[in-house]
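Visitor: I'm new to this one, and I'd like a close look at a single part of it. Could you pick a strand and walk me outward from there?

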Amino acid sequence: QYHLVESGGGLVQPGGSLRLSCAASGFTLDYYAIGWFRQAPGKEREGLACISPSDGITYDADSVKDRFTISRDNAKNTGYLQMNNLKPEDTAVYYCAVRPLQCDYDVDFWGQGTQVTVSS
């Protein structure tokens, strides 16, 4: 069975940092692009960033490109989203997802999500 498990969410004060992880099991991430998304209450899901198997990176949301960094470690079969200078408007459930080979392809499957709450 294929699984993606996000971790690293939690409660953080404005200006703080979190690093989210997306661990894959049952398959290797080597040939997948890894994308990060978020969904805030009452809002549509928003694409944030994607990293291809060859480490090509795209940031889909202008609001995060100077604060968030996407990365991957194929040896650990894990993707990451480093989030710095967090703001209350970053509060959302964060999801990772994988696409075969390229960031332009449709998502194959999703993780279950991890809650990030930015509040003082």
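Guide: Let's take strand β4, residues 32-39, in what is a predicted model. This strand is mostly covered, with 7 of its 8 residues buried. It has company, too. Strand β9, residues 92-100, runs antiparallel to β4, and 8 bridges join the two. Strand β5, residues 46-51, is also antiparallel to β4, this time through 5 bridges. As general background, strands of a sheet pair through backbone hydrogen bonds, in either a parallel or an antiparallel way.

A handy residue to put your finger on is I34. Look towards β9 and I34 stands opposite V98; look towards β5 and the bridge partner of I34 is I51. Now follow the chain from β4 into β5. The two make a hairpin with 6 residues between the strands, and in that hairpin G42 takes a positive phi near 75°.

Back at the start of our strand, there's some ring company to meet. Y32 forms an aromatic pair with F27, one of 7 such pairs in the structure. The F27 and Y32 rings sit edge-to-face, 5.3 Å centre to centre, with 75° between the planes. Both F27 and Y32 are buried. Ring pairs also tie these residues into a cluster made up of Y2, F27, Y32 and F109.

For another edge-to-face example, go over to Y95 and W110: their planes are at 90° and their centres 6.4 Å apart, so the pair gets that label. Here the pair links distant parts of the chain, since Y95 is in strand β9 while W110 is in strand β10, residues 109-110, and the two are 15 residues apart. As for cover, W110 is partly exposed, because its relative accessible area is 31%, and the buried label needs under 20%.

Now to the residue next door, Y94. Setting aside neighbours within four places in sequence, Y94 is in contact with a good list of residues, including F37, R38, L48, L81, M83 and T114. Y94 also belongs to the largest nonpolar core, which has 29 residues; within that core, L4, L81, M83 and Y94 touch the most other members. Our strand β4 takes part as well: β3, β4, β5, β7, β8, β9 and β11 each supply at least two residues of this core.

T114 was in that contact list, so let's go there next. T114 is in strand β11, and it counts as buried because its relative accessible area is 12%, under the 20% limit. Among the residues T114 touches, leaving out those up to four places away in sequence, are E6, G9, L20, A92 and V93. One of these meetings is polar: a polar atom of the T114 side chain lies 3.3 Å from the backbone nitrogen of G9.

Strand β11 itself is two-faced. T114, V116 and V118 make up its covered face, while Q115 and T117 make up the uncovered one. β11 pairs with β9 in the antiparallel sense over 3 bridges, and in that pairing V93 has Q115 as its bridge partner. With β2 the sense is parallel, again over 3 bridges, and there L11 stands opposite T117.

Just along from β2, in the loop between β2 and β3, you'll find G15. G15 is partly exposed, with a relative accessible area of 46%. Beyond its neighbours within four places in sequence, G15 is in contact with N85 and L86. To get your bearings relative to our starting strand, compare G15 with G35: they are 20 residues apart in sequence and 24 Å apart in space, C-alpha to C-alpha.

Last stop, the sheet that β3 belongs to. This is an open sheet of 4 strands in the order β1-β3-β8-β7, with antiparallel pairing. β1 and β7 are at its edges with a single partner strand each, so one side of each has no neighbour in the sheet. On average, neighbouring strands here are turned by 15° against each other, direction ignored. β1 and β3 are joined by 5 bridges, and across that pairing E6, a residue that T114 touches, stands opposite C22.

Conventions: Residues are numbered from 1 along each chain as its sequence is written. This is a predicted model: local features need pLDDT of at least 70, side-chain atom pairs count only at pLDDT 80 or more; totals for chains, interfaces and linings use all residues. Side-chain values use heavy atoms; hydrogens and water are left out. Buried means under 20% relative accessible area, exposed over 50%, partly exposed in between (1.4 Å probe, protein chains only). Two strands pair if DSSP finds at least two bridges between them. Contact means heavy atoms within 4.5 Å. A nonpolar core is a set of buried Ala, Val, Leu, Ile, Met, Phe, Trp, Tyr and Cys residues joined through side-chain atoms within 4.5 Å. A polar contact is a pair of N or O atoms within 3.5 Å; within protein, one must be able to donate a hydrogen and the other to accept it, and residues adjacent in sequence count only if both atoms are side-chain atoms. Axes are lines fitted to C-alpha atoms, for helices over the stretch in contact, and angles run from 0 to 180 degrees between N-to-C directions. Rings of Phe, Tyr and Trp (its six-membered ring) pair if their centres lie within 6.5 Å; planes under 30 degrees apart count as stacked, over 60 as edge-to-face and the rest as tilted.
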